[in-house]
Amino acid sequence: MELEADRALVVGFAVTGRSVASALLRRGVEVVVLDDRPDAAAKAAAAAMGVELVTDVDVATLVAAADLVSPSPGVPIRHAAIQAALATGVPVWSEFELAAAWDERPIVAVTGTNGKTTTITLVTSMLERAGRKVVAAGNNELPLVDALEDEAVELFVVEASSFRLQFTERFRPVVGTWLNVTPDHLDWHPDLDHYIEAKFRLWAAQRDDDLAIANTDDDVVMAYASRAPARRQTFGLMAGDYVTRGGDLVAASGEVIAAIAELPKRLPHDLSNALAATATAVAAGASVGDCGAVLREFTGLPHRVQLVGDAGGVRWYDDSKATTPASVAAALGGFASVVLIAGGKNKGLDLSGLRAATNLRAVVAIGEAAAIVAGVFDGVAPVVTATSMDEAVRLASERARPGDAVLLSPGCASQDWYRNYGERGDDFARAVHELVGAS
């Protein structure tokens, strides 16, 4: 496929915006960049590329002069440039759609509110063990348009966020796996239905010989699976082609993938991710044996219920990646008694469902959403508020008892105190190490 555009407007100039601009320039497209608040790095990158970087402009005129608008993932759909393009018929394409126009190598893609990165990591390792030349790209450190430059890659394993899926028409994974859906990113999407429809675009352009893999434990995913044009396969803890049975993970073929007792990560959401990854990898060419070997070795990713301290009978866990109530609930389910550190920058989500937790000794509320968190847990568990991570760790330590887990599982984004969830988790680990020592 060819991209028919002489002039493109790139909106937002962080990591993905810069990669998209560079990829467009390499293909002979004139690029103008619109960034509402460019930092020094953005200005330097634009100067190095030789592209015009504009801020205070007549957006409608800028869009009218473009053949294509490509928004960066963090730019919300309500942005004036996106709205102007949608209103006037100027194509709006994410980097996924650009990749579909530029390259026909097969793509395996995974979406979902929770578990995408873990599942993509597992799938990539499983396919590598099977001898496939693959690379993980998309909603991680490597934009898909950059991954295309490696001609040795035979298959792309893509982490697909709703932001990138929203503006696609031809993006077509040969295997598309939808893990789950719970409310998220409602500061970006107008409402929950809009968010779910964006997720569905993972399957929308598939053909009948492609494969859509769905989670039987999620009613919304299964309802949308009935609309998928591709062949369908399922996974689930209680039912599905890939399923838990008699203490084992079992493949669609009936083969045992691995005994659950052998797995380093075996909370319910870990098992669901393992089944999803195996179904995806087998469909893309791995053997069940390859998948089982990877699962038996996998100890998890940073900032996902990661043990960072163990002292005085109290274990400290960094689950900074948990930025939705559903992910917090999943983490809480793994422990008998918890001192929870929660809060941050709320993404427009309703945290009230967390009131159902029955294993909380205490809650430490942090960040912009501290008052919301305190309100949610009022009457459920004792709540205190901290104004820094060091204070949060100290307050948690004072309340924890031997046998407890202290869990940083914020249920909110990190951009009130930190640049990203990784920085937040690292700061938590530092504070823990300084107070109680490392694990």
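This passage describes a four-stranded sheet, a pair of helices and one buried glutamate in a predicted model. Residues are numbered from 1 along each chain as its sequence is written. Local features need pLDDT of at least 70, side-chain atom pairs count only at pLDDT 80 or more, totals for chains, interfaces and linings use all residues, and side-chain values use heavy atoms, without hydrogens and water.

The sheet is open and has four strands in the order S3-S2-S1-S4, with parallel pairing. Strands are DSSP runs (E, at least two residues), numbered from the N terminus, and two strands pair if DSSP finds at least two bridges between them. S3 (52-54) and S4 (68-71) are the edge strands; each has a single partner, so one side of each lacks a neighbour in the sheet. From one strand to the next, the twist averages 25 degrees. Strand S2 (residues 30-34) runs parallel to S3 and is joined to it by three bridges. Leu34 has Val54 in S3 as its bridge partner.

Helices are DSSP runs of H or I with at least four residues. H1 (residues 15-26) packs against H2 (residues 40-49) at about 5 degrees, with the axes 11 Å apart. H1 is therefore roughly parallel to H2 (angles under 35 degrees). Axes are lines fitted to C-alpha atoms over the stretch in contact, and angles run from 0 to 180 degrees between N-to-C directions. Arg18, Ala21, Ser22 and Leu25 of H1 contact Ala41, Ala42, Ala45 and Met49 of H2 (heavy atoms within 4.5 Å).

Glu97 lies in helix H5 (residues 95-102). Glu97 is buried, at 0% relative accessible area (buried means under 20%, with a 1.4 Å probe and protein chains only). Residues up to four places away in sequence aside, Glu97 touches Phe167, Thr168, Glu169, Arg170 and Phe171.

Definitions and conventions. Angles under 35 degrees count as roughly parallel, over 145 as roughly antiparallel, 65 to 115 as roughly perpendicular and the rest as oblique. Buried means under 20% relative accessible area, exposed over 50%, partly exposed in between (1.4 Å probe, protein chains only).
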